[in-house]
Amino acid sequence: MIPEWIGAVAGVVAIVPLLAAGLARLRRSPPSELPAGPGGERYDLFLSYVDADAAAARRLARRLLTAHGLSVFFAEWSVGPGVVELVAKGEAIGRAAHGALLFSRNSVGDAELMDTYAALLTQVYNGSAGRFVPVRLDDVELPRFAEIRRPIDLRRGYDAEVAKLAAAVAQKR
């Protein structure tokens, strides 16, 4: 017969790694920020932006999460320390139901953002993602395949435009 204390020790030993993982996740994303999605989770929306537009992207991601309940891949909060950001973004594009890209004077011509634009369009055209939604931050000319899609324009009626984006993302493909 096994003494009772051995079972208790085994239970504590089994739960310690789970608690450590939970604490590490909490340390990475403070409650005031968008939580990182668990590995393998399918995101409602992959949100792409350049660093210069991070504040606008953060505001949009937070609104989509808090006001509309959508799961958003937002690199600033979704990519943890030690993770290769480019790899994490590539994996997240593959797990996202839809994609949105913030277009501004800062982003047009940015090589990495244009690669993401191409990857998002490829996902749409091969049928593994639902929509690609261009999101206009300022008066910038959209690239050819973004310009043929109805954009969200955050310069006019911010809340109404975010609600349109959320409704489009919430629709079934």
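How many salt bridges does the structure hold? There are 9 of them, a salt bridge being a side-chain nitrogen of Lys or Arg within 4 Å of a carboxyl oxygen of Asp or Glu. I'll come back to a few of those, but housekeeping first.

What you see is a predicted model, where local features need pLDDT of at least 70 and side-chain atom pairs count only at pLDDT 80 or more, while totals for chains, interfaces and linings use all residues. Residues are numbered from 1 along each chain as its sequence is written, and side-chain values use heavy atoms, with hydrogens and water left out.

Okay, the overall layout. The protein chain has 7 helices and 5 strands; these are DSSP runs, H or I over at least four residues for helices and E over at least two for strands, numbered from the N terminus. Walk along the sequence and the pattern reads α-β-α-β-α-α-β-α-β-α-β-α. The chain has 173 residues, and 40% of them count as buried. Buried here is under 20% relative accessible area, exposed is over 50%, and partly exposed is in between, with a 1.4 Å probe and protein chains only. As for contacts, meaning heavy atoms within 4.5 Å, take those in the chain with a separation of 6 or more: 67% of them come from residues 24 or more positions apart.

Now the inside. The largest nonpolar core has 46 residues. By nonpolar core I mean a set of buried Ala, Val, Leu, Ile, Met, Phe, Trp, Tyr and Cys residues joined through side-chain atoms within 4.5 Å. The residues with the most contacts inside that core are Leu47, Leu60, Leu64, Phe132, Val135 and Leu165. Let's zoom in on valine 135. Skip its neighbours within four places in sequence, and valine 135 is in contact with Leu60, Ala100, Leu101, Leu102, Phe103, Ile152, Leu154 and Leu165.

Phe132 is worth a click too. Its C-alpha sits 6.1 Å from that of histidine 98, with the two positions 34 residues apart along the chain. Histidine 98 belongs to strand 3, residues 96-103, and is buried at a relative accessible area of 4%.

Phe132 also turns up next to leucine 120, over in helix 5. Leucine 120 is buried as well, with a relative accessible area of 4%. Setting aside residues up to four places away in sequence, leucine 120 touches Phe46, Ile93, Gly99, Ala100, Leu101 and Phe132. And C-alpha to C-alpha, leucine 120 is 9.5 Å from serine 48, although the two are 72 residues apart in sequence.

That brings us to a helix pair. How do helix 4 and helix 5 run relative to each other? Helix 4 is residues 85-95, helix 5 is residues 111-125, and their axes come within 10 Å and cross at roughly 25°. The axes are lines fitted to C-alpha atoms, for helices over the stretch in contact, and angles run from 0 to 180 degrees between N-to-C directions. So the two helices are roughly parallel, the label for angles under 35 degrees (over 145 is roughly antiparallel, 65 to 115 roughly perpendicular, the rest oblique). From helix 4, Leu86, Lys89, Ile93 and Gly94 make the contact, and from helix 5 it's Glu112, Thr116, Ala119, Leu120 and Gln123.

Lysine 89, in helix 4, counts as buried at 13% relative accessibility. Leaving out neighbours within four places in sequence, its contacts are Phe46, Phe73, Ala75 and Glu112.

Back to the salt bridges, as promised. Side chains of opposite charge can pair when their charged atoms come close. Aspartate 159 and arginine 63 do this at 2.1 Å, N to O. Aspartate 159 is in helix 7 (residues 158-170) and arginine 63 in helix 2 (residues 54-66), so the bridge ties together parts 96 residues apart in sequence. Both ends are partly exposed: aspartate 159 at 49% and arginine 63 at 26%.

Then there's a little network of salt bridges linking Asp139, Asp153, Arg155 and Arg156. Arginine 155 bridges to aspartate 139, with the closest N and O atoms 3.8 Å apart. That pair joins two loops, 16 residues apart: arginine 155 sits between strand 5 and helix 7, and aspartate 139 between strand 4 and helix 6. Arginine 155 is partly exposed at 42%, while aspartate 139 is exposed at 57%. Aspartate 153 meets arginine 156 at 3.9 Å, N to O. Which of those two is buried? Aspartate 153, at 6%; arginine 156 is partly exposed at 49%.
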